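Visitor: I should be grateful for a close look at one part of this structure, the nonpolar patch on its surface. Please then set that part beside the other contacts that can be described.

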Amino acid sequence: MAMFILLVLLIFFAAIGVPLAFAIGASCITYILTSAPTFLGMLPQRIWNGAYSELMIAMPLFMLAGELMNTGGITQRIINFCSELLRPVRGGLGEVNIVASMIFGGISGSSVADTSALGSILIPAMEKEGYPPDASAGITVASSTMGMIIPPSTPMIVYSMISGASVGALFMAGAVPGLLIGCVQLVLVYIISAKKGWHPAYTKFNLHQAAKSLLSGLPALIMPVFIIVCVSFGVCTASESAGVAVLYSILVGFFIYRELTWKAVWESLKKTLISSSSIMLIIGFTTIFTWVLTMQNVPQTVGNFFLGLNMPAWGIALVFDVLILMIGTFIDVSPAILLLTPILLPVMQQYGFSPLQFGAMVITGLAIGLVTPPVGMCLNACNKINRMPIIDIFKGAAPYITCNVIVLIAISLFGELTTWLPALLGYSIF
């Protein structure tokens, strides 16, 4: 009965608009008061232990590095480089948008930051070149989903803290799915733009101009490669590489591009503080939630239920894909990871799935939730740019989100897509 009260209160508080961290906290406190009041004094310690983690230092630092690189002139240089690189390809700015998202995702680690940074420049440019407004916005938000899959990835760090998996291994596990999404979207954009007549006139590849844009964008392109190499090969920890990324962003912004100002640094610090604080609160309160679930043997009960279905492993994987997509529609990424992982990961491990494969499945599936109403954080970010109704943006993005679904199913059925690269680099898969 008490467990039923916990779940009903959580759904009720979330439905009436209470911030998710406080909805989780209030429902857990109510549960403890009704079933185990002697545990009430342990709550502050549990909350503190949940948020206090050396690994979590990396999260705000990566977010800050992305903000600094965005305000320091990186976005325009990435777009210039992609435009020159794809000049002979008759996919137009739609192709540029996707490739730029791949690169920017390797810097910010955030899909919402990707939408905000690239969308403010590319959406007006695409509309000027003849793309319909819904297609311009749709391609932008759909391609931005790679931002949280391609390393470095803020959600991967959150998942690592809950699952215990290596951050470097998780970064490598997300690399192939992220690149696959980008490649499939590139093909689809080419096909649709050919059918709709959005292709620009063919222009020859200009080697001199391409070399110039590469030289200009090289300081920005080095950063994600540096982070991935350092973390994956054990040169430094995720937190240390994030600190170096912040320092590198400041040096590039001030002394190479010379577009970063102290006012922009202050604004970046404020944005990072607000964003990371909200995530830390959710992590702290979710720790209580998972503690309560453990006390009530919920993970074991869920595991026994699925094992009792006698379904093959691939069937369970597809069932969980649907569950992840449904939850991602209503709950933001970090809270969903914190709520799903303690319950579902043990079940998946019993079916032979590695934490790396399951982590890639969860984050790839939840990335789709960023572009589906009603929550859809990328939809909201895009709405602030072009003032288009969220439902129209979603309709424009729908064809391209099918690429994400295809890749999600592929990595669920073929685990090697997520584990072969970490294994190649010497990481333990299980």
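Guide: In this predicted model, Leu 214, Leu 218, Ile 222, Phe 226 and Val 244 make a nonpolar surface patch of about 370 Å². Helix α11, which spans residues 207-232, supplies the largest share of this patch, namely four residues. Val 244, by contrast, has its place in helix α12, residues 238-256.

From helix α12 one may proceed to the loop that lies between α12 and α13 (262-295), where Glu 259 is found. The side chain of Glu 259 meets that of Arg 77 in a salt bridge, with a distance of 3.0 Å from N to O. Arg 77 belongs to helix α5 (residues 74-85), so this pair ties together parts that are 182 residues apart in sequence. Side chains of opposite charge can pair when their charged atoms come close. A search of the whole structure finds two salt bridges, and the pair of Glu 259 and Arg 77 is one such bridge.

A further contact joins two helices. The axes of helix α4 (residues 58-71) and helix α9 (residues 154-163) come within 9 Å and cross at roughly 180°; the two helices are therefore roughly antiparallel to each other. On the α4 side, Ala 58, Met 59, Phe 62 and Met 63 take part, and they meet Thr 154, Ile 157 and Val 158 of α9. Classified by residue type, this contact of α4 with α9 has six nonpolar residues, one polar residue and no charged residues.

Definitions and conventions:
Residues numbered from 1 in each chain as written. Predicted model: local features only at pLDDT ≥ 70, side-chain atom pairs only at ≥ 80, totals over all residues. Heavy atoms only, no water. Axes fitted to C-alpha atoms, helices over the stretch in contact; angles between N-to-C directions. Parallel < 35°, antiparallel > 145°, perpendicular 65-115°, else oblique. Contact = heavy atoms within 4.5 Å. Nonpolar A, V, L, I, M, F, W, Y, C, P; charged D, E, K, R; others polar. Patch = residues over 30% accessible without salt bridge, like charges linked within 9 Å, V, L, I, M, F, W, Y side chains within 5 Å. Areas by Shrake-Rupley, 256 points an atom, 1.4 Å probe, with all protein chains shown as cover. Salt bridge = Lys/Arg side-chain N within 4 Å of Asp/Glu carboxyl O.
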